[in-house]
Amino acid sequence: MDMSEGVVALLRRARNDQDFRTILLRAAPDELSNLGLKPGQQAVLLSNLLLTSPFGPEDLPNWDARYGHAFSWVDYRSQAIPWTPFKIPIQHAKVAFITTAGLYRCEDSPFDTQDEERGDPSYRIIPTETSREALCVKHHLGLVGPGIEGDTNHLLPLRLGQQLQQEGNIGALAAEHYSFMGYIPHTQPLIERTAPGVALRLCADQVDATILIPV
Amino acid sequence: VGLIARTIEQAGISTVCFNLLLATPSNYVRPPRTIWLPFFPFSLPLGLPGNEPMQRRLVLDALDMLMTCHTAGTVLRLPYTVWGPN
């Protein structure tokens, strides 16, 4: 079973049952824990319940106070921030996208959503010309998926990138884009191996700028 | 995505990260350039499926940040919602 199937089931029920939705939104963190939801899963559940329909400021919890430390962030607060100045006109720049939506070409192997301790640090290459029918999604958040007719541009906007190129808003869209599965508690393989691997490929493609899209 | 962005930036390529809901990840990981969407839930990084105007707006915002941001670690907060109007 994928790690977030419980969250997906609760979301489905809440979307069809207003009373149940209200109960979930009013539940205290320890009550949600009693449903088997870890803090990170609670953040996924509540943010999708609250923020996908109109809300008022009074509806919103202090997300960072409640869930800011639900995940183990690598702490770079005392380290320098890498910086490459962007110097060329954007109309001449080659642009690549990176998503952590767990997208992959259906002919490739899917991401591992079972390893709750380590996650999956691997990446998949998505060539620009990949059709929507050729893309699949496998993410530990089971609610991440394609839209109508398999559209995945809300996760990796390749069609938009092609439009921006045709309109002259960017110089070119990169030949390849990259997809990770955004659940990697054990970050060392990502930092030492797979992220540098993607960086090398972007350099080889002479990419000028990369836009990173989390899930 | 912040860890990946830092690696790519170290390799000499400029980056912009989106960041959903929480401010904490950017504060800890410190990517070079971040667009923080505090009202976007996990799972919907560019809005609801099929909302192409939202996708365009966000990607153009990212391109604009590339051109206008000159300070490492900048976090640009955009108070958009996935359901609009924005």
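In the predicted model, strand β1 (residues 14-20) of chain B is joined by four bridges to strand β2 (residues 33-37) of chain B, and the two strands run parallel. Within this pairing, B:Phe18 stands opposite B:Ile35 of β2(B). Strand β1(B) also pairs across the chain boundary: four bridges link it to strand β7 (residues 209-213) of chain A, again in parallel orientation. Here B:Cys17 of β1(B) is the bridge partner of A:Leu212.

The surroundings of β1(B) were examined next. Seven of its seven residues are buried, so the strand is largely enclosed by the rest of the structure. In a regular strand, side chains alternate between the two faces of the sheet. In β1(B), B:Ser14, B:Val16, B:Phe18 and B:Leu20 point one way, whereas B:Thr15, B:Cys17 and B:Asn19 point the other way; both sets are buried.

Chain B also contributes helix α1 (residues 2-10), which is mostly covered, with eight of its nine residues buried. The buried positions of α1(B) are B:Gly2, B:Leu3, B:Ile4, B:Ala5, B:Arg6, B:Thr7, B:Ile8 and B:Glu9. After this helix comes B:Gly12, which has a positive phi, near 100 degrees.

A second association between the chains involves helices. Helix α7(A) packs against α1(B) at an angle of about 50 degrees, and their axes are 9 Å apart. That angle makes α7(A) oblique to α1(B). The crossing of α7(A) past α1(B) is right-handed. On the chain A side, the contact is formed by A:Leu190, A:Ile191, A:Ala195, A:Pro196, A:Ala199 and A:Leu202 of α7(A), which meet B:Leu3, B:Ile4, B:Thr7 and B:Ile8 of α1(B). Classified by residue type, this contact comprises nine nonpolar residues, one polar residue and no charged residues.

Chain A has 215 residues, of which 49% count as buried. It contains seven helices and seven strands, arranged along the sequence in the pattern α-α-α-α-α-β-β-β-β-α-β-β-α-β. Its C-alpha trace spans about 50 × 45 × 35 Å along the principal axes. Among contacts in chain A between residues at least 6 apart in sequence, 74% join residues at least 24 apart.

One residue with such contacts in chain A is A:Met181, located in the loop between β6 (176-180) and α7 (188-204) of that chain. A:Met181 is buried, with a relative accessible area of 0%. When neighbours within four places in sequence are left aside, its contacts are A:Thr100, A:Gly102, A:Phe111, A:Asp112, A:Thr113, A:Asp120, A:Ser122, A:Lys138, A:His139 and A:His140. The C-alpha atom of A:Met181 is separated by 7.6 Å from that of A:Leu103, although the two residues are 78 residues apart along the chain.

At the beginning of chain A, helix α1 (residues 5-16) and helix α2 (residues 18-26) pack at an angle of about 125 degrees, with axes 5 Å apart. The two helices are therefore oblique to each other, and α1(A) passes α2(A) in a left-handed crossing. In this contact, A:Leu10, A:Arg13, A:Ala14 and A:Asn16 of α1(A) meet A:Gln18, A:Phe20, A:Arg21 and A:Leu24 of α2(A). By class, four of the residues in contact are nonpolar, two are polar and two are charged.

Technical notes. Residues numbered from 1 in each chain as written. Chains lettered and ligands numbered in written order. Predicted model: local features only at pLDDT ≥ 70, side-chain atom pairs only at ≥ 80, totals over all residues. Heavy atoms only, no water. Axes fitted to C-alpha atoms, helices over the stretch in contact; angles between N-to-C directions. Parallel < 35°, antiparallel > 145°, perpendicular 65-115°, else oblique. Left-handed = near helix turned anticlockwise from the far one by under 90°. Contact = heavy atoms within 4.5 Å. Nonpolar A, V, L, I, M, F, W, Y, C, P; charged D, E, K, R; others polar. Buried < 20%, exposed > 50% of the residue type's maximum accessible area, 1.4 Å probe, protein only. Pairing = 2+ DSSP bridges.
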